Amino acid sequence: MKAYLDNNATTRTDPEVVEAMKRYFLDTYANASSMHSFGQAARKGVEEARERVAALLNCTPEEIIFTSGGTESDNQAVRGVVEKYAKKGNHIITSAIEHPAVLESCVHIDERGGDVSYISTDSEGIIKLEDLEAAITEKTILITVMLANNESGVIQPVKEIAGIANGKDIILHTDAVQAIGKIPVDVQELGVDLLSLSAHKFHGPNGAGALFIRKGTRVASLMHGGSHERGIRAGTLNVPGIAGLGKAAEIAVRDLDRNRQKVSALRDRLEKNLTSRLKYTRVNGHREKRLPNTTNISFEFVEGEGIMLSADLKGVAVSTGSACASGKLEASHVLLDMGLSHALAQGAIRFSLSKDTTEKEIDYAADVIAEAVEKLRGMSPLYEDALKGGACETAG
Ligand SMILES: Cc1ncc(COP(=O)(O)O)c(C=O)c1O
């Protein structure tokens, strides 16, 4: 038995998507910028995909440019705005829990004369709006805050941030990479000027993404060359990838409600199973304002890494709340910002489900994880102390 519960890292490509891509490898393979009819057939595929992505986000096709994925879209949005609006100001505001694609873009800007404010979240993982508002200065040109966090699944109040930003002539970008296909995402409703998405997070192919750029918002180009994508993103278009992204967008719209309900019921089943069986656990992040497919659980007295590796041996894929940076394990910046201790952050496991996940897989994964945690705790002197009435951080 196997259970793949790491869908926030990447998802299985939908067979309908693979089918839609096939012809752009085998038949309609010409360069979409070529003037001949072969090229124009490929161009038609690209423009159909653009319409589908625009329908997903509720914008016009002209407001979509295709990229190589979430990382590029985030870089393009953040660095593109900072370069374009440099005369107006050099201050940007972001959250402390962004994905490295945004955080490292901000570091890059910081190191080159920019000024970046990083706003923390509360104990439930939601950005502190009063701190964000207080950070705004006359030089603020951009606010970039993710729509849903990749580790906790917590949904951020982007619409409220738009209310704050728009009145002050500040551009608003959101990284919606984890939100697409899981919750409704409507750029008019959200009031954002830029939005990043990535196909492989919602059953599309790797290496394809898009950036929504609201009409009137300008960005400097990061990629110089031909005049592709309105001169913003040079480079021969990845037609099969773009067609796959378009198909995945269409399916995301079509199946959203059904998948949301199914996936959240399975997520809750997993969570209930684990928290009722194991003492000293903590579900991290807001319990309602989160993605339907994600749960992040800390298992006190054990390292997430140990759980993950034991689970892997039994065919269960999950991820940890730590990242390997320069050879040593570092606790997740997302969980630490929420106020978790290093020990609890390092004992965290992220479970991320998808529409492909089954009840059998969930029950199998719960058995495997519970067994791994119990075994690892059996070797922990701290756990022994806790059983004798020693200190612990979670409710027993
Ligand atoms: C929130 C978020 N933003 C950006 C990215 C980067 O996307 P990509 O893998 O398409 O470069 C990820 C991927 O993990 C993500 O979770």
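Which residues surrounding the ligand are the closest? They are Gly-69, Gly-70, Thr-71, Asn-150 and Ser-198, out of 13 that surround the ligand; a residue counts as near if its C-beta atom, placed from the backbone, lies within 6 Å. The model is predicted: local features need pLDDT of at least 70, side-chain atom pairs count only at pLDDT 80 or more, and totals for chains, interfaces and linings use all residues. Residues are numbered from 1 along each chain as its sequence is written.

**Ligand shell**
- Helix H3 (residues 70-84) supplies three residues, the largest share of the shell; helices are DSSP runs of H or I with at least four residues, and strands are E runs of at least two, numbered from the N terminus.
- The shell divides into three nonpolar, eight polar and two charged residues, with Asp, Glu, Lys and Arg as charged, Ala, Val, Leu, Ile, Met, Phe, Trp, Tyr, Cys and Pro as nonpolar, and the others, Gly among them, as polar.

**Sheet**
- An open antiparallel sheet has four strands in the order E9-E10-E15-E12, where pairing requires at least two DSSP bridges.
- Strands E9 (281-283) and E12 (319-320) are at the edges with a single partner strand each, so one side of each lacks a neighbour in the sheet.
- Five bridges join E10 (residues 294-299) to E15 (residues 348-352) in the antiparallel sense, and Asn-296 stands opposite Arg-350 in E15.

**Helix pair**
- Helices H9 (residues 304-313) and H12 (residues 359-378) pack at about 130°, with axes 9 Å apart; axes are lines fitted to C-alpha atoms over the stretch in contact, and angles run from 0 to 180 degrees between N-to-C directions.
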